[in-house]
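Colleague: I have just opened this structure and would like some help reading it. Could we go through it feature by feature?

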Amino acid sequence: MKKVGILGGTFDPPHLGHLFIAQEVQYKLELDEVWFIPAYEAPHKRKSRTDAVLRLEMVEAAIAENPYFRMESIEVDRLGKSYTFDTMELLQEMHPDTAFHFIIGADLVESLHTWHRIDDLVDKLTFVGVGRPGYELMTTYPVTYVDIPELEISSSMIRERVKQGAPVHYLVSGAVFDIIKEQKLYAER
Ligand code: ATP
Ligand code: MG
């Protein structure tokens, strides 16, 4: 069986926290690949103000230099609410020889009980939880924990910093920084 990690998210924008957890879990669990899946519309979030096409472009740019990483645009292509259950059902149909490892930060570990069809989902894949400052790694669902150095970086924090005019160029990759600048993302509108 091929071992593939999945990192779903809004990626508005993708930051070094995302890249670091993906790389660290790949290394510790010896995954063959990690697939980044930008959500079209995250079920528990307000619709992202940043166009999905731009978020795909930023993720593509962020992961380009890493041979383990690739992007899967399946949720953006599908439009509507991006339920992980639907996505994983489809991916498993397309890749029956693959064991999927769904990577989530501690904030999502805490919220697993609210996910659409979570009881079916935990039977289909392995959840891999990583720590995140300010959240407890606690749930009644089966989660494999991977111990990693925690980085206090979030997309919300980056959006807020850009709005305030604070520097963000060592919190996101250079290529993502260039897109944020060119497209004038996150500035006061
Ligand atoms: P936002 O602030 O907009 O919610 P975010 O930084 O949480 O953005 P998401 O796209 O929501 O980024 O997260 C995608 C996945 O990455 C989630 O599983 C989230 O828990 C995880 N993640 C993001 N940043 C970190 C981090 N610094 N440490 C650990 N996990 C993280
Ligand atoms: Mg988040």
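Colleague: Which residues does the UniProt annotation "domain: Cytidyltransferase-like" cover?

Modeller: Keep in mind that this is a predicted model. According to the UniProt record, an unreviewed entry, that domain annotation covers residues 6-161. Over residues 6-161 the chain is 40% helix and 19% strand, and the C-alpha atoms at the two ends lie 28 Å apart.

Colleague: Let's turn to the sheet. How do I read it, and in what order do the strands come?

Modeller: The general idea is that strands of a sheet pair through backbone hydrogen bonds, either parallel or antiparallel. Here six strands make an open sheet, ordered β3-β2-β1-β4-β5-β6, with parallel pairing. At its edges are β3 (69-71) and β6 (143-146), each of which pairs on one side only. From one strand to the next, the twist averages 30°.

Colleague: Can you show me one pair? How many bridges join β2 and β3?

Modeller: Strand β2, residues 33-38, pairs with β3 in the parallel sense over three bridges. To find the place by eye, look for Phe36, which stands opposite Met71 in β3.

Colleague: And which strands does helix α1 touch?

Modeller: Helix α1, residues 16-29, packs on the sheet. Its contacts are with β1 (2-9), β2, β3, β4 (98-105), β5 (126-130) and β6. The direction of α1 makes about 160° with that of β1.

Colleague: Now the ligand. How many residues surround ligand 1, and which are the closest?

Modeller: There are 18 residues around ligand 1, the closest being Gly9, Gly17, Gly105, Ser155 and Ser156. Two or more residues of this shell come from each of α1, β4, α5 (106-111) and α7 (155-164). Helix α1 gives the largest share, three residues. Sorted by class, the shell has seven nonpolar, eight polar and three charged residues.

Colleague: One last feature, a pair of helices. At what angle do the axes of α2 and α8 cross?

Modeller: In general, two packed helices are described by the angle between their axes and the distance between the axes. In this model, the axes of α2 (residues 52-63) and α8 (residues 174-182) cross at roughly 155° and come within 7 Å. Angles over 145 degrees count as roughly antiparallel, so α2 is roughly antiparallel to α8.

Colleague: Which residues make that contact?

Modeller: Helix α2 contributes Glu57, Met58, Ala61 and Ala62, while α8 brings Ala175, Val176 and Ile179. By class, the residues of this contact are six nonpolar, no polar and one charged.

Notes
Residues are numbered from 1 along each chain as its sequence is written. Chains are lettered from A and ligands numbered from 1 in the order in which they are written. This is a predicted model: local features need pLDDT of at least 70, side-chain atom pairs count only at pLDDT 80 or more; totals for chains, interfaces and linings use all residues. Two strands pair if DSSP finds at least two bridges between them. Helices (H or I, at least four residues) and strands (E, at least two) are DSSP runs, numbered from the N terminus. Axes are lines fitted to C-alpha atoms, for helices over the stretch in contact, and angles run from 0 to 180 degrees between N-to-C directions. Two residues are in contact if their C-beta atoms, placed from the backbone, lie within 7 Å. A residue is near a molecule or strand if its C-beta atom, placed from the backbone, lies within 6 Å of it. Ala, Val, Leu, Ile, Met, Phe, Trp, Tyr, Cys and Pro count as nonpolar, Asp, Glu, Lys and Arg as charged, and the others, Gly among them, as polar. UniProt positions are given in the numbering used here, feature names are shortened, and annotations may be inferred rather than shown by experiment. Angles under 35 degrees count as roughly parallel, over 145 as roughly antiparallel, 65 to 115 as roughly perpendicular and the rest as oblique.
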